[in-house]
Amino acid sequence: MYLSMLGQRMFLVLLVGSILCSNAQENEQTGLVDSSYLEDQFYIGLTYNFLSNKPDNVSERNLSYGLQLGFIKDMPINTRRNIALGLGLGYAVNSYYTNLLATESEDGFVYTILESSTDFNRNKVETHLVEVPLEFRWRTSTPSDYKFWRVYTGLKLAYVLGGRSKFVSELQNTSFFNTDLRKFHYGLTLNFGYNTFNVHAYYALNKLFEDGVQIADGTAIEVRPLRIGIIFYIL
């Protein structure tokens, strides 16, 4: 079921990206040239999510994924318009599948590590975020060429609208809002590629959980997200 849903989402991302890029190519073939053109103002992407700085015995399970989409205002800063700044607004959902189990108690949340012998379908933390990307943009574009190299790098700020912990097994299905997740996130981004398909990377500069969150044995949970995937840019 999980793989089926993920496959549908991946297909939708690829389909939308392909259609929009095809439309951009058709517009280019009309021969219209805009000397004050702007580039890559809409984006949609799919990532594979990792966690760095994991405590001992904490491991990642299943396929952790992320989806992102949004708008970036392209602001060229030179006459050729191949160097620009970008400021945007977007939405993202990210899931992290591990063997780190969160449970609710009267005193808050308790975190334990699931043994390798434990039989469960999935155990995850999921975040829904509003994102503000800030980019320095370099590309080889011209007013009449829609195929070009790009390197966009910068900082992404994000605010968690909602975060959930979920555990599913044959005997148990629990899901709850997890307020131990840090509300404000920021990290470094790098996007590069040619034409339609581009590599996207994000490395968090702060932790996924709030300071002081610990496993039941006293080990601090200081994991940081690392996301790598593909991103489509559309005019």
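**Reading a predicted fold, feature by feature**

Trainee: Which residue in β6 stands opposite Val93?

Mentor: His128 is the one opposite Val93. Keep in mind that we're looking at a predicted model. Now zoom out to the strands themselves: β3 and β6 (residues 122-139) run antiparallel and are joined by 13 bridges.

Trainee: Which strand pairs with β2, and in which sense?

Mentor: β2 (residues 65-76) pairs with β3 (residues 83-97) in the antiparallel sense, over 11 bridges. To find a spot on that ladder, go to Gly70, whose bridge partner in β3 is Gly90. And here's a general idea to keep in mind while you trace any of these: side chains in a regular strand alternate between the two faces of the sheet.

Trainee: What about β11, which strands does it join?

Mentor: One is β1, which runs antiparallel to β11 with 11 bridges between them. On that ladder Tyr48 stands opposite Ile228 of β11. Another is β10 (residues 197-204), also antiparallel to β11, with six bridges. There, Val199 has Ile230 as its bridge partner.

Trainee: Next, torsion angles. Which residue in the hairpin of β2 and β3 has a positive phi?

Mentor: General idea first: most residues other than glycine have a negative phi. In this hairpin, with six residues between the strands, Arg81 has a positive phi near 70°. Asp40 also has a positive phi, near 50°, and is not a glycine. Asn195 is one to note too, with a positive phi of about 65°. Asp40 sits in the loop between α1 (2-28) and β1, while Asn195 belongs to the loop between β9 (184-194) and β10.

Trainee: Is Arg150 buried or exposed?

Mentor: Look at the relative accessibility, where under 20% is the cut-off for buried. Arg150 comes out at 3%, so Arg150 counts as buried. Arg150 is in strand β7.

Trainee: Which side chain makes a polar contact of 2.8 Å with Arg150?

Mentor: Asp40, side chain to side chain. Asp40 also has 3% relative accessibility, so Asp40 counts as buried too. If you set aside residues up to four places away in sequence, Arg150 touches quite a list, including Trp138, Asn191, Tyr194, Asn195 and Tyr233. You've already met Asn195 as a residue with a positive phi.

Trainee: Where is Ser64, and is Ser64 buried or exposed?

Mentor: Find the loop between β1 (42-52) and β2, and you'll find Ser64. Ser64 has a relative accessible area of just 2%, so Ser64 is buried. The side chain of Ser64 reaches the backbone nitrogen of Tyr97 at 2.8 Å. Try the C-alpha atoms as well: those of Ser64 and Val125 are 9.6 Å apart, although the two residues are separated by 61 places along the chain.

Trainee: How many aromatic pairs are there, and what do I look at in one?

Mentor: A pair of rings is described by the distance of the centres and the angle of the planes. This structure holds nine such pairs. Take Phe120 and Phe167: their ring centres are 5.8 Å apart and their planes are at 35°, so this pair is tilted. The pair links distant parts of the chain, with Phe120 in the loop between β5 (108-113) and β6, and Phe167 in strand β7 (residues 149-168), 47 residues apart. Both Phe120 and Phe167 are buried.

Trainee: Which aromatic pair is edge-to-face?

Mentor: Tyr152 with Tyr233 is one, at 5.3 Å centre to centre and 75° between the planes. Tyr152 is in strand β7 and Tyr233 in strand β11 (residues 224-234), so the pair ties together parts 81 residues apart in sequence. Tyr152 and Tyr233 are buried as well.

Trainee: How many residues does the largest nonpolar core have?

Mentor: The largest core has 15 residues, and those with the most contacts inside it include Leu100, Tyr111, Phe209 and Ile221. A second, separate core has six residues, among them Tyr43, Ile72, Phe148 and Ile231. Back to Ile221 for a moment: beyond its neighbours within four places in sequence, Ile221 contacts residues including Leu100, Tyr111, Phe209 and Val213.

Trainee: Last one: where does pLDDT stay under 50?

Mentor: Over residues 17-31, where the model has 10 contacts beyond four places in sequence. For the chain, the average pLDDT is 87, and 85% of the residues score at least 70.

Key
Residues are numbered from 1 along each chain as its sequence is written. This is a predicted model: local features need pLDDT of at least 70, side-chain atom pairs count only at pLDDT 80 or more; totals for chains, interfaces and linings use all residues. Side-chain values use heavy atoms; hydrogens and water are left out. Two strands pair if DSSP finds at least two bridges between them. Helices (H or I, at least four residues) and strands (E, at least two) are DSSP runs, numbered from the N terminus. Buried means under 20% relative accessible area, exposed over 50%, partly exposed in between (1.4 Å probe, protein chains only). A polar contact is a pair of N or O atoms within 3.5 Å; within protein, one must be able to donate a hydrogen and the other to accept it, and residues adjacent in sequence count only if both atoms are side-chain atoms. A nonpolar core is a set of buried Ala, Val, Leu, Ile, Met, Phe, Trp, Tyr and Cys residues joined through side-chain atoms within 4.5 Å. Contact means heavy atoms within 4.5 Å. pLDDT is the predictor's confidence in each residue, from 0 to 100. Rings of Phe, Tyr and Trp (its six-membered ring) pair if their centres lie within 6.5 Å; planes under 30 degrees apart count as stacked, over 60 as edge-to-face and the rest as tilted.
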